[in-house]
Amino acid sequence: MASKHDIGWERAEPFGGNRRTPKCRHGHERGGTSSQSCGAGIKRDPIRSFNIREGANILLKGIDLYMFPSKQKSIKSMFSAKGAKKVGKAISKFFLFNGIPFNAADSGPYYQSMIDTIAEVGPGIKGPIGYQIGNAYLEEEVQELEVYINTLKAKWLVYGCTIMCDGWSSRTRKPIINFMVYCDRSMIYLSSVDTTNIPKTADYVFSLMDKIIEEVGEENIVQLVTDNEASFKAVGMLLMEKRKHLFWSPCAAHCIDLMLEDIGNMKHIKEILDQAKMITSFIYNSLKVVNLMKVFTKDRDLMRPGITRFAIAFISLQSLIRYEGDLKMMCTTNEALW
């Protein structure tokens, strides 16, 4: 039943005293509520027809279209997936044909930058030949690096720098001393000296370090970092005596290496390390045993190259403890696998 407060009663009245059947004041009779009575006297907007395309452009008020994403892939995304697969296959062929290591694609920002630049230029571009890469582009790269190094050198006077000296042997067992400069979280290579058939006495190393300090500039240097060997330690003391504002510090990694060497020489520690070395030697002396071990350790190795020389033994011991259960299962497995 329609309420007597319904605004529709302005244009309707009860028919026969029954409000269920309102009668239009303009002479029409209609069942239902008074608000559903005829619209005589009401001004209406003119009716305009529109096509489907216009209807598609009408925004639905109060509805977020992102709440109901389309499950159908767009044409652009379909072409992007096909294009990415096509590019990946072409790059893979180049890697495989030239024997380039696969991890070269993950070893720096220039890989993706190269792809982006080629896509930006567009199709039809011809890549450079080997002569161009080894001459014109190499020369440009050298010039860019020189500019970059000069920007780092300009910071030496502002922040100060650290001279780092590292002695090591090349693959051909050639002794080399490298000199590097560290400043403002950036390190650059400075020079190398071949010390073949030259004894690394304190006087000789002191002359090398003194020349490096003159080259970099004494006013730019804060400290020196070298190995903790006796000759380098003596050089550090001599340099601090000659140049009062300099500080010498031993290399932390080399100190840890010497500590591990002393710990490994303890009697009870040495026995444990020798037993671990015997186990790893037995496994890695046979390719068949190595392959069997990787079945139980899920392709993980026991021996890994360490950052320091004497750390390798302790890293191997740690691996034996980690895979102790897997190695026991390997030893008790079916003899046919051996």
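These exercises walk through a predicted model, each with a worked solution.

Residues are numbered from 1 along each chain as its sequence is written. In this predicted model, local features need pLDDT of at least 70, side-chain atom pairs count only at pLDDT 80 or more, totals for chains, interfaces and linings use all residues, and side-chain values use heavy atoms, with hydrogens and water left out.

**Exercise 1. The whole protein**

State how many helices and strands the protein has, and what percentage of its residues is buried.

Solution.
- Start with the elements. The protein has 12 helices and 7 strands. Helices (H or I, at least four residues) and strands (E, at least two) are DSSP runs, numbered from the N terminus.
- Next, burial. Of the 338 residues, 24% are buried. Buried means under 20% relative accessible area, exposed over 50%, and partly exposed in between (1.4 Å probe, protein chains only).
- Last, contacts, meaning heavy atoms within 4.5 Å. Take those between residues at least 6 apart in sequence: 45% join residues at least 24 apart.

**Exercise 2. The two sides of H8**

Check the span of helix H8, then find which of its residues are buried and which are exposed.

Solution.
- H8 covers residues 252–264, which is 13 residues. The expected span is 1.5 Å times one less than the number of residues. For H8 that gives 18 Å, and the distance from first to last C-alpha is close to it, at 18 Å.
- The buried residues are His254, Asp257, Leu260 and Gly264. They lie on the same side of H8 because they cover an arc of only 120 degrees around the axis. The arc is that of the directions from the helix axis to the C-beta atoms.
- Turn to the other side of H8. Ala252, Met259 and Asp262 are exposed there.
- Now look for partners. The buried residues of H8 pack against helix H9 (267–284) and helix H11 (311–322).

**Exercise 3. The two sides of H9**

Do the same for H9: which residues are buried, and what do they pack against?

Solution.
- H9 has 18 residues. Its C-alpha span of 26 Å is close to the expected 26 Å.
- Leu273, Ala276, Thr280 and Ile283 are buried. They cover an arc of only 80 degrees around the axis, which puts them on the same side of H9.
- The face turned away carries the exposed residues Lys267, Met278 and Phe282.
- The buried residues of H9 pack against H8, helix H10 (287–296), H11 and helix H12 (324–331).

**Exercise 4. Two helix pairs**

Describe how H9 packs with H11 and with H10.

Solution.
- Axes are lines fitted to C-alpha atoms, for helices over the stretch in contact, and angles run from 0 to 180 degrees between N-to-C directions. Angles under 35 degrees count as roughly parallel, over 145 as roughly antiparallel, 65 to 115 as roughly perpendicular and the rest as oblique.
- H9 and H11 meet at about 70 degrees, with axes 10 Å apart. They are therefore roughly perpendicular. H9 gives Ile269, Ile272, Leu273, Ala276, Ile279 and Thr280 to the contact, and H11 gives Ala313, Phe314, Leu317 and Leu320. By class, this contact has 9 nonpolar, 1 polar and no charged residues.
- The classes are these: Ala, Val, Leu, Ile, Met, Phe, Trp, Tyr, Cys and Pro are nonpolar, Asp, Glu, Lys and Arg are charged, and the others, Gly among them, are polar.
- H9 and H10 meet at about 105 degrees, with axes 6 Å apart. This pair is therefore roughly perpendicular. Phe282, Ile283 and Tyr284 of H9 touch Val289, Val290 and Met293 of H10. The contact has 6 nonpolar, no polar and no charged residues.

**Exercise 5. Loop residues**

Is Asp227 buried or exposed, and which residues does Asp227 touch? Then place Asp184 and Lys298.

Solution.
- Asp227 sits in the loop between S6 and H7. Its relative accessibility is 9%, so Asp227 counts as buried. Leaving out residues up to four places away in sequence, Asp227 touches Cys165, Gly167, Phe232, Trp248, Cys251 and His254.
- Most residues other than glycine have a negative phi.
- Asp184 has a positive phi, near 50 degrees. Asp184 lies in the loop between S4 and S5. At 26% relative accessibility, Asp184 is partly exposed.
- Lys298 also has a positive phi, near 60 degrees. Its place is the loop between H10 and H11. With a relative accessible area of 65%, Lys298 is exposed.
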